[in-house]
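Me: Please take me through the terms used for this model, setting each value against its definition.

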Amino acid sequence: LGLWATIHKPSGRFIGRCGLLPWTIEDRLEIEVAYLIAREYWRQGLGVEIARGLMRYGFAQLQLPRLISLIAPENVVSQRTAEKAGMIYEREIVLDDLRCRVYAIANPAER
């Protein structure tokens, strides 16, 4: 678990970070699908591609029961990315004094 460099395949350029991050939320271990991409690479479907790849890895390789994304309420673009990747809005929480929307998806093998 952790953040990894995100490399744009066609150019070989470093364009951001992505990964799976552990959090304790309401006394429960959660694993976040996290992604941050340079603005010039937005609106190309890369966020959805990254999120789906992380979800496949988390479910198939790590056998995680569920994954979440923590998104600022005002970050509508990232909320749409999570939804396009298959996550569903669950609730709003306060984590480390910041309001976050929790989007979640269960491992399809456990449904």
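Me: What phi does Gln-63 take just after helix 1?
Reply: Gln-63 takes a positive phi of about 55 degrees. Most residues other than glycine have a negative phi. The model is a predicted one, in which local features need pLDDT of at least 70 and side-chain atom pairs count only at pLDDT 80 or more, whereas totals for chains, interfaces and linings use all residues. Residues are numbered from 1 along each chain as its sequence is written, and side-chain values use heavy atoms, with hydrogens and water left out.

Me: What makes a stretch a helix or a strand?
Reply: Both are DSSP runs numbered from the N terminus: a helix is a run of H or I with at least four residues, and a strand is a run of E with at least two. Helix 1 has 16 residues and therefore satisfies the minimum of four.

Me: What span does helix 1 reach, and what span is expected?
Reply: From first C-alpha to last, helix 1 reaches 22 Å, close to the 22 Å expected at 1.5 Å a residue. The expected span is 1.5 Å times one less than the number of residues.

Me: Why is Asp-27 called exposed?
Reply: The relative accessibility of Asp-27 is 80%. Exposed means over 50% relative accessible area, buried means under 20%, and partly exposed lies in between, with a 1.4 Å probe and protein chains only. Asp-27 is therefore exposed. This residue lies in the loop between strand 2 and strand 3, and its phi is near 65 degrees, a positive value in a residue other than glycine.

Me: Why does Arg-43 count as exposed?
Reply: Arg-43 has a relative accessible area of 82%, so it is exposed. Arg-43 sits in the loop between strand 3 and helix 1. Although it is not a glycine, Arg-43 has a positive phi of about 65 degrees.

Me: Why is Tyr-35 called buried?
Reply: Tyr-35 has 19% relative accessibility, and it therefore counts as buried. Tyr-35 lies in strand 3.

Me: Which residues is Tyr-35 in contact with?
Reply: Contact means heavy atoms within 4.5 Å. Leaving aside neighbours within four places in sequence, the contacts of Tyr-35 include Arg-17, Ile-50, Ser-69, Ile-71 and Ser-78. Tyr-35 and Ser-69 are 34 residues apart in sequence, yet their C-alpha atoms are 9.2 Å apart in space.

Me: What makes the link between the side chains of Tyr-35 and Ser-78 a polar contact?
Reply: A polar contact is a pair of N or O atoms within 3.5 Å; within protein, one must be able to donate a hydrogen and the other to accept it, and residues adjacent in sequence count only if both atoms are side-chain atoms. The polar contact that joins Tyr-35 and Ser-78 is 3.4 Å long.

Me: Why does Ser-69 count as buried?
Reply: The relative accessibility of Ser-69 is 2%, so Ser-69 counts as buried. Ser-69 is found in strand 4, and its side chain reaches the backbone oxygen of Val-33 at 3.0 Å.

Me: Why are Glu-30 and Ile-71 called buried?
Reply: Glu-30 has 4% relative accessibility and therefore counts as buried; Ile-71, at 3%, also counts as buried. Glu-30 lies in strand 3, while Ile-71 is in strand 4. Among the residues that Glu-30 touches, not counting those up to four places away in sequence, are Leu-21, Trp-23 and Arg-66.

Me: What makes a space a pocket?
Reply: On a 1 Å grid over the protein atoms alone, a pocket is an open set of points with protein on both sides within 12 Å along at least five of seven lines, and lining residues have an atom within 4 Å of a point. About 760 Å³ of space lies in the largest pocket. Of its 28 lining residues, the closest to its centre are Tyr-35, Asn-75, Val-77, Ser-78 and Thr-81. The largest share of that lining, 6 residues, comes from strand 3.

Me: How many residues of each class are in the lining of the largest pocket?
Reply: Ala, Val, Leu, Ile, Met, Phe, Trp, Tyr, Cys and Pro count as nonpolar, Asp, Glu, Lys and Arg as charged, and the others, Gly among them, as polar. The lining of the largest pocket has 16 nonpolar, 7 polar and 5 charged residues.

Technical notes. On a 1 Å grid over the protein atoms alone, a cavity is a set of points where a 1.4 Å probe fits but cannot get out, and a pocket is an open set with protein on both sides within 12 Å along at least five of seven lines; lining residues have an atom within 4 Å of a point. Grid points are joined across faces, edges and corners, and a volume is the space filled by probe spheres set on the points.
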